[in-house]
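Visitor: Hi, I have a protein open on my screen and I'd like a quick tour. Can you walk me through it?
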Amino acid sequence: MHGPRKLPDLVEAIYDAGLDPSLWNNVVTGIRDFVGGQACGLFSKDSISKFGVTHYYCGADPHYIQLYSETHSKFDPLTVLPPHGQIVSIPDLVNFDEYRRGRFYQEWMRPQGCSDAANVVLENSNASCPVMMTVLSGRRMVDPVMKHRLSLIVRHASRALLINRAMTSQLTLATALAEILDNLACGIFLLDGFCRVVHANSAGHDLLAADDLVRSVAGQLVTSSAEANQTLREAFATRNEIALLAAKGQAFSLLSPSGERYVAHILPLSSVLRHGNERVVDDAVGALLLRKVSLGGQSYGELIARTFDLTPAELRVLLSIVEVGGVPETAVALGIAETTAKTHLHRVFAKTGVSRQADLVKLAAGFSNPLIN
């Protein structure tokens with residue numbers, strides 16, 4: 001066993017564990033040695049079911065850790081948890097003679113050669129299942145010296161656990177947002193002030209891999225349109241916040257060399273990080289959204305039909321107007337007379353409330369699927 005750590009070194013290790021939870025196993029060993037106990041552990045205990053789970057521990061046989069979770073957490077003296085930060089030993093919680101006759105002592109503490117334990121609630125953001133620390137004292141009772149030494153590290157361990165929770169929450173949120181972005185059909189590119197790609201979703205990476213509409217040149221996003229490139233450079237210029245804000249919601253079309261048309265939107269990001277008065281140039285200052293102009297599939301035509309109570313014939317005419325062109329082209333594509341196509345079209349106008357073919361295209365585009373099929 002290593003000798004007890006000095007308090008400053010132990011506190012530093014605790015905050016390191018706040019940033020890297022994998023270090024807690026080493027930290028609880030340091031706490032055990034510093035306090036002078038036989039074993040130490042971090043565990044959660046449900047205040048209703050009394051079910052307990054040990055997260056990190058040292059000095060205890062894994063068999064007893066498993067027994068605690070499966071059975072003995074319901075019988076330990078922590079029936080009523082102490083206030084946050086208050087260190088209590090077993091005699092502070094229950095009658096010690098009764099405790100020694102109970103299952104927890106006879107079946108769990110005594111076989112491990114322990115009599116007493118110091119317990120403290122470290123983190124209670126989840127009030128129904130707080131995180132606690134326990135230091136088992138061995139054959140001797142927990143004394144004031146042990147409580148004092150434990151009190152010196154309680155606030156640091158509490159802060160480290162809060163850091164763990166905050167980081168986990170942020171990572172969970174970031175992971176969820178990334179998953180959502182990756183399921184969107186439109187390509188999304190986060191760009192810095194030099195139009196360099198900071199992040200792209202799956203659809204964005206697919207567009208880059210196609211090397212048609214957009215490509216990455218030395219990390220900088222370049223489109224197939226020289227005019228669009230100029231617009232992007234002006235909007236995303238590192239210090240041109242006015243241009244970026246002016247471009248908010250601005251849309252422009254892009255035509256790929258293969259003939260597919262896309263609509264591009266520029267969105268400024270307000271959460272740009274700064275160091276003093278200088279912007280961190282590697283941070284995203286805005287987003288570029290690229291969406292292919294298409295209806296999105298038959299299932300979305302069916303949604304339009306249900307929404308406006310269109311008959312199958314009326315829906316076919318609407319989809320043909322959107323995808324093929326005007327009435328003559330629609331009549332040829334569907335193999336019907338132009339007068340029949342016009343009749344269905346007028347009924348579609350009446351049901352949808354629009355009066356121009358261009359408005360039908362806009363209406364259909366509004367029903368396009370934003371998710372990857």
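Guide: Sure. One term to start with: contact means heavy atoms within 4.5 Å. Also, this is a predicted model.

Visitor: OK. How many helices and strands does the protein have?
Guide: It has 15 helices and 14 strands.

Visitor: And what share of the residues is buried?
Guide: Buried residues are 41% of the 373 in the protein. Buried here means under 20% relative accessible area.

Visitor: What about contacts between residues far along the chain?
Guide: Take the contacts with a separation of 6 or more. Of these, 58% join residues 24 or more positions apart.

Visitor: Let's zoom in. Which residues meet where α13 touches α14?
Guide: From α13 come V327, P328 and A331. From α14 come E338, A341, K342 and L345. This contact has five nonpolar residues, no polar ones and two charged ones.

Visitor: Where do those two helices sit in the sequence, and at what angle do they cross?
Guide: Helix α13 covers residues 327-334, and helix α14 covers residues 338-352. Their axes come within 9 Å and cross at roughly 110°.

Visitor: What do you call that arrangement, and why?
Guide: Angles of 65 to 115 degrees count as roughly perpendicular. So α13 and α14 are roughly perpendicular to each other.

Visitor: Left-handed or right-handed crossing?
Guide: α13 passes α14 in a right-handed crossing.

Visitor: What angle does α13 make with α12?
Guide: About 120°. Helix α12 is residues 312-323, and the axes of α12 and α13 are 9 Å apart. That angle makes the two helices oblique to each other, because it lies outside the 65 to 115 range for roughly perpendicular and is neither under 35 nor over 145.

Visitor: Which residues make that contact?
Guide: On the α12 side, R316, V317, S320 and I321. On the α13 side, V327, T330, A333 and L334. They divide into five nonpolar, two polar and one charged.

Visitor: And the handedness of α12 and α13: left or right?
Guide: Their crossing is right-handed.

Visitor: Tell me about T330. Buried or exposed?
Guide: T330 lies in helix α13. It counts as buried, because its relative accessibility is 0%.

Visitor: What does T330 touch?
Guide: Setting aside neighbours within four places in sequence, T330 is in contact with V317, S320, I321 and G325.

Visitor: Now α14. What can you say about T343?
Guide: T343 sits in helix α14. At 37% relative accessibility, T343 is partly exposed. T343 and E314 are 29 residues apart in sequence, and their C-alpha atoms are 9.1 Å apart.

Visitor: New topic. Where is N164?
Guide: N164 is in helix α7, residues 144-182. N164 is buried, with a relative accessible area of 10%.

Visitor: What does the N164 side chain reach?
Guide: It reaches the backbone oxygen of A17, at 3.1 Å. Beyond residues up to four places away in sequence, N164 touches A17, G18, L19, P21 and W24.

Visitor: How about R215? Which strand is it in?
Guide: R215 is in strand β8, residues 214-217. R215 is partly exposed, with a relative accessible area of 38%.

Visitor: Which side chain does R215 pair with?
Guide: That of D211. A polar contact of 3.0 Å joins the two side chains. Leaving out neighbours within four places in sequence, R215 is also in contact with L208, Q220, L221 and V222.

Visitor: How far is R215 from H205?
Guide: Ten residues in sequence, and 9.6 Å in space from C-alpha to C-alpha.

Visitor: Last thing: what is the phi of C195?
Guide: Near 60°. That is a positive value in a residue other than glycine. C195 is in the loop between β6 (187-191) and β7 (197-200). C195 is buried, at 3% relative accessible area.

Visitor: And A218?
Guide: A218 has a positive phi of about 55°, although it is not a glycine. A218 is in the loop between β8 and β9 (220-223).

Visitor: Is A218 buried or exposed?
Guide: Exposed, because its relative accessibility is 78% and the cut-off for exposed is over 50%.

Conventions
Residues are numbered from 1 along each chain as its sequence is written. This is a predicted model: local features need pLDDT of at least 70, side-chain atom pairs count only at pLDDT 80 or more; totals for chains, interfaces and linings use all residues. Side-chain values use heavy atoms; hydrogens and water are left out. Axes are lines fitted to C-alpha atoms, for helices over the stretch in contact, and angles run from 0 to 180 degrees between N-to-C directions. Helices (H or I, at least four residues) and strands (E, at least two) are DSSP runs, numbered from the N terminus. A crossing is left-handed if the near helix is turned anticlockwise from the far one by less than a right angle, and right-handed if clockwise. Ala, Val, Leu, Ile, Met, Phe, Trp, Tyr, Cys and Pro count as nonpolar, Asp, Glu, Lys and Arg as charged, and the others, Gly among them, as polar. Buried means under 20% relative accessible area, exposed over 50%, partly exposed in between (1.4 Å probe, protein chains only). A polar contact is a pair of N or O atoms within 3.5 Å; within protein, one must be able to donate a hydrogen and the other to accept it, and residues adjacent in sequence count only if both atoms are side-chain atoms.
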